[in-house]
Amino acid sequence: MKKFFLIGFLLVAHAMAGQTIHVGAKHFNEGYILSEIIAQLLESEGFAVERHYNLGGTLVCFEALRNRAIDVYPEYSGTLTAEILKESNMEYASMNAALQERYGLEVSAPYGFNNSYALVCTRDFSTRTKILSIADLKNHPELKIGMSYEFLKREDGWENLAKKYALPQKAVGLEHGLAYQALTETKIDITDAYSTDGEISQYGLIVLKDDQNFFPAYQATSLYQKNLDARAKKILSRLDGQIDEKAMQAMNGEVLYEKKTFAEVAASFLSTKLKITTQSGQPTSVANDVISKTGTHLLLTFSALLAAILFAVPLGIWLYWKPRVSNGILYFTGLLQTIPSIALLAIMIPVFGIGTWPAIVALFLYALLPILRNTLAGLRSVDPLVKKVADGIGMTRFQKLKWVELPLAMPMLLTGIRTAAVINVGTATLAAFIGAGGLGEFIVTGLALNNTSLILRGAIPAAVLAILIEIAFTLLEKVWVPKHLRGSK
Amino acid sequence: MVELTEVSHGYGGQEVLTNLTIRFQENKITAIIGKSGSGKSTLLQLINGLLRPSKGQVSVFNQPLNYNQTTALRLRMGYMVQGTGLFPHLTIAQNIAIAGKVRDNSQPGARVNELMELVGLPSSYQPKYPYELSGGEQQRVGICRALYLNPPLLLMDEPMGALDPITRQDIQQEIVKLQHLAPRTMLLVTHDMREAKKLADFILVLDRGKVQQFDRASNVISEPATQAVRDLINASLDS
């Protein structure tokens, strides 16, 4: 009997060890913290967790989940109903049913806080004017209202809000990152905020009461595959109702103002609230982190570049021989170039999932046009007399290509490859949005936290890489192209 | 040696050459002369196989031209064009020896020096690039390149068109000297009757794609067959 238990135990242990749960995170402060809580909670119960943070917003996260590139990420009920299900005023339960039916996804019960849009003002202002709710604004047409650009445009934004409450003021647009500063310096009186923003407690701001329930509920919750391991679902349910608005605001503030890491904040939440001790990974040194991310960045950039060279140079040669089809193909690669990076990365997810592969494919597509166009232009620019002489001497098509046309096209070809390489180093920073890592992780996280030093940690090495690439290509040209044939540099 | 039988060539309904039947003399210099657009360059390209006749047949080395094996054929004919057409990315030595590379991927050999000496170029030029040489020097390199494999047939498409009179005279003397040392069949396209008179054993006069006269040089000049020939002689010798 004991034997059976032992075997059973081993089987379960084996099955568990083999199971890795992929946790995603949207690229903003709260997203990182909640995902880290999920990740550490699952790890404390013996699951292996792979983190896919910095995913570029709802679109990328949801696509990644739908395509099973990730298993779970934190999402908000309001976003799910409005943006994904395109429904208004949906009950939580019917939303869950619709998600299961349409997408095979499921949500846990809410964490317990509502991260809605809200209007905020300073405590001083509120005391002085006795404004406590949105309805109170109606009698103060002189107020200066500054709203984030996104809030001005959203369905649940300023225009409809002002209509509903019959507010007389005109709002001006400003960058959300600057709004809190403008508010405390009394440049504006009222602005929009996420109700759990760390700044609210930091600056002691007053959240105006939404008397008419204009803002929908944005209940935070875990969104996961319906067929996620039952034990994992059960573990995640331990978060149900455990995080209230105050707690979330505090955690956001700890990252923003106390400069704690997400891992630290998540660990301290789990130990105080759920009495779970987690071993948050040892902090890696900044230098090692930069070096390893630079390595990933170079891997992304150069594997895509190499693939693009191997594809576009022969294609360019072929098009040079078949001028009739060349225009069509050039237009097509030009079209690829015009797709915004984030959109192209999102398109990749259903086919390649998230991570390194889709990033390399996207970078490959971006590198095609400069290389293809310059290969073709370089070959076409070769003096026709020289081509005629090559024929007249008796060179075969391939000898002519190898000994005459390619060497003479080389300066333009190298310029094309150089352009592609520099574009790739820059674009590769966006690859962080689909979890491919690289220097973009610093930049994306830094942007989300409004942390300049973090942004520079990614931006400076990327700039250095771009400069090194320029230098490398200049040297390459020195080796491959006789001095008098080099372009002006 | 080189023979055209009822050869016509034209693009899009317009004939550049009409019904040519010519047999060029072996080991002689034949000047092909005519105004611009008379079809002289086209004729050379037909012989080289760069162009195919729309009618008739071209024979070279007593064989009908096989367009699937032009490389072997072209290695036996030197080809010079106006403006030299040197490869700008290759050194003088590599330019001269290019036919050897095409034939068997061989490196420039002693033959380079030999030829440069023949046309009066210092061997210190070997590692230089074409742009470092004057027009006349480049032209001499062009001659060396055409002669590298010692071809029995030499096609020259206005090789002296862009040169100043003194350099032109030098090169002309070079050609006379070469022919004296080792005779070969040379076809020299020119629009200059004086050049033709100086270099050629035979003269072929073309006008609007048709043969006006094909005879010994002295006969053409003393007894022009048509008005077109007379005009050419007058135009060249007057200027």
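Chain A and chain B meet in a contact that takes 19 residues from chain A and 25 residues from chain B. Bear in mind that this is a predicted model. Between them the two chains bury about 1900 Å², and a search of the whole structure turns up two cavities of 30 Å³ or more. There's also an open pocket to look at, with about 1600 Å³ of space in the largest one.

**Where the chains meet**

- Of the area buried between chain A and chain B, 72% sits on carbon and sulfur atoms.
- On the chain A side, A:Ile393, A:Trp403 and A:His484 supply 32% of the area buried against chain B, more than any other three residues.
- Looking for salt bridges between chain A and chain B? The rule finds zero across that interface.

**The largest cavity**

- The largest cavity holds about 100 Å³ of space.
- Both chains have a hand in its lining: A:Ile393 is there, along with chain B residues including B:Arg74, B:Met77, B:Tyr79, B:Arg145 and B:Tyr148. A:Ile393 is also one of the three residues named above for the area chain A buries against chain B.
- In chain B, strand E6 (77-81) and helix H6 (135-147) each put at least two residues into this lining.
- Strand E6(B) gives the most, with three residues.
- By class, the lining of the largest cavity comes out as nine nonpolar, one polar and two charged residues.

**The second largest cavity**

- About 30 Å³ of space lies in the second largest cavity.
- Its lining consists of A:Leu345, A:Ala359, A:Ala362, A:Leu363, A:Tyr366, A:Thr427, A:Leu430 and A:Ala431.
- Helix H17 (residues 356-380) of chain A gives the most to that lining, with four residues.
- The class split here is seven nonpolar, one polar and no charged residues.

**The largest pocket**

- A set of 47 residues lines the largest pocket, and the closest to its centre are A:His27, A:Phe28, A:His176, A:Tyr194 and A:Ala448.
- The pocket lining is a mix of 20 nonpolar, 17 polar and ten charged residues.

**Domains of chain A**

- The domain assignment splits chain A into domain 1 (2-114 + 218-273), domain 2 (117-207) and domain 3 (286-485).
- Twelve residues from domain 1 of chain A and eleven residues from domain 2 of chain A take part in the contact between those two domains.
- The C-alpha centres of domain 1 of chain A and domain 2 of chain A are 31 Å apart.
- These two domains of chain A, domain 1 and domain 2, bury about 880 Å² between them, with 44% of it on carbon and sulfur atoms.
- Within domain 1 of chain A, the residues losing the most area to domain 2 of chain A are A:Tyr218, A:Gln249 and A:Tyr257, which together account for 61% of what that side buries.
- Here too, across the interface of domain 1 of chain A and domain 2 of chain A, the rule finds zero salt bridges.

**Salt bridges**

- Over all chains, the structure holds 22 salt bridges.
- One salt bridge pairs A:Lys293 with A:Glu441, and the closest N and O atoms are 3.9 Å apart.
- A:Lys293 lies in helix H14 (residues 286-321) of chain A and A:Glu441 in helix H20 (residues 440-449) of chain A, so this pair ties together parts that are 148 residues apart in sequence.

Definitions and conventions
Residues numbered from 1 in each chain as written. Chains lettered and ligands numbered in written order. Predicted model: local features only at pLDDT ≥ 70, side-chain atom pairs only at ≥ 80, totals over all residues. Heavy atoms only, no water. 1 Å grid on protein atoms, 1.4 Å probe; cavity = no way out; pocket = protein on both sides within 12 Å on 5 of 7 lines; lining within 4 Å. Points joined across faces, edges and corners; volume = space filled by probe spheres on them. Nonpolar A, V, L, I, M, F, W, Y, C, P; charged D, E, K, R; others polar. Domains from an automatic or database assignment. Contact = heavy atoms within 4.5 Å. Buried area = accessible area lost by both parts, 1.4 Å probe. Salt bridge = Lys/Arg side-chain N within 4 Å of Asp/Glu carboxyl O.
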